[in-house]
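Reader: Could you walk me through the fold of this protein chain, step by step? I'd like to see how each answer is reached.

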Amino acid sequence: VISVFVEDPERTVMALALWKNKPGSLLVLQGRPSSQQVNVQQLMARGEWPRVEGRIVRLEPGCDTVGQVGALAHLLDSMHRRGNLTMVTSPAHLGRTLAIARIVIGPMGWTVSGQAAVTDDNRPESSWRTWRDQIRAQVFRLTGFTGSRADSSCD
């Protein structure tokens, strides 16, 4: 499974390249409906959207990284199998994303790895956000509650 946060189309370009090189893999596009729509439109305009969309899933729940990883965990759990998961996001966001996914999805039997996609978003992550979200990830594992806002209130 390859999962990408779609807010930046460059992330999706990287994820599509990985997906095309791993026949039979599932590509999970994560983001709000508006982000999903803009992402697909931009990639279609650039001629980078695949002609065949089989094995592509759009996953919209989650207002933040913990919420999105939680939604991905629910999807993966419903598949009743285990395997390799590659998370694709910007280089600055990758460490925090992996820290969350390894807490939430790793114990489910998935091997979690990451791939950085070069984007214009180079905002550095702070270590306190990673710690905060690792705690939130542990709470999610124990309770199923992410601490995220309701999906209907996502900006």
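**Fold and packing**

Author: Happy to! In this predicted model, the secondary structure of the protein chain comes to five helices and five strands.

Reader: Thanks! In which pattern do they follow along the sequence?

Author: The chain has five helices and five strands to place. Read along the sequence, they give the pattern β-α-β-α-β-α-β-α-β-α.

Reader: And what radius of gyration does the protein chain have?

Author: The C-alpha atoms fill a box of roughly 40 × 35 × 30 Å along the principal axes. For 155 residues the globule rule gives 15 Å, and the chain comes close to that, so it is as compact as a globular protein of that length. The radius of gyration of the chain is 15 Å.

Reader: Which strands stand at the edges of the sheet?

Author: Good one to reason through. The five strands form an open sheet with parallel pairing, in the order 3-2-1-4-5. An edge strand has a single partner strand, so one side of it is left without a neighbour in the sheet. The edges are therefore strand 3 (56-59) and strand 5 (111-116).

Reader: In strand 5, which residue is the bridge partner of Asn84?

Author: Strand 4 (residues 84-89) pairs with strand 5 in the parallel sense, over six bridges. In strand 5, the bridge partner of Asn84 is Thr111.

Reader: What angle does the direction of helix 3 make with that of strand 2?

Author: Helix 3 (residues 65-78) packs on the sheet, where it touches strand 1 (2-5), strand 2 (27-30), strand 3 and strand 4. Its direction and that of strand 2 make an angle of about 145 degrees.

Reader: Are helix 1 and helix 2 roughly parallel or roughly perpendicular to each other?

Author: Helix 1 (residues 9-20) and helix 2 (residues 33-45) have axes 10 Å apart and pack at an angle of about 65 degrees. Their crossing is right-handed. The contact is made by Pro9, Thr12, Val13 and Leu16 of helix 1 with Asn39, Gln42 and Leu43 of helix 2. Angles of 65 to 115 degrees count as roughly perpendicular, and helix 1 and helix 2 are therefore roughly perpendicular.

Reader: How many residues in the contact of helix 3 with helix 4 are charged?

Author: Helix 3 and helix 4 (residues 91-104) pack at about 40 degrees, in a right-handed crossing. Thr65, Val66, Val69 and Ala73 in helix 3 meet His93, Arg96, Thr97, Ile100, Ala101 and Val104 in helix 4. These residues divide into six nonpolar, three polar and, for charged, one.

Methods:
Residues are numbered from 1 along each chain as its sequence is written. This is a predicted model: local features need pLDDT of at least 70, side-chain atom pairs count only at pLDDT 80 or more; totals for chains, interfaces and linings use all residues. Side-chain values use heavy atoms; hydrogens and water are left out. Axes are lines fitted to C-alpha atoms, for helices over the stretch in contact, and angles run from 0 to 180 degrees between N-to-C directions. Helices (H or I, at least four residues) and strands (E, at least two) are DSSP runs, numbered from the N terminus. Angles under 35 degrees count as roughly parallel, over 145 as roughly antiparallel, 65 to 115 as roughly perpendicular and the rest as oblique. A crossing is left-handed if the near helix is turned anticlockwise from the far one by less than a right angle, and right-handed if clockwise. Contact means heavy atoms within 4.5 Å. Two strands pair if DSSP finds at least two bridges between them. The radius of gyration is taken over C-alpha atoms; the globule rule is 2.2 Å times the number of residues to the power 0.38. Ala, Val, Leu, Ile, Met, Phe, Trp, Tyr, Cys and Pro count as nonpolar, Asp, Glu, Lys and Arg as charged, and the others, Gly among them, as polar.
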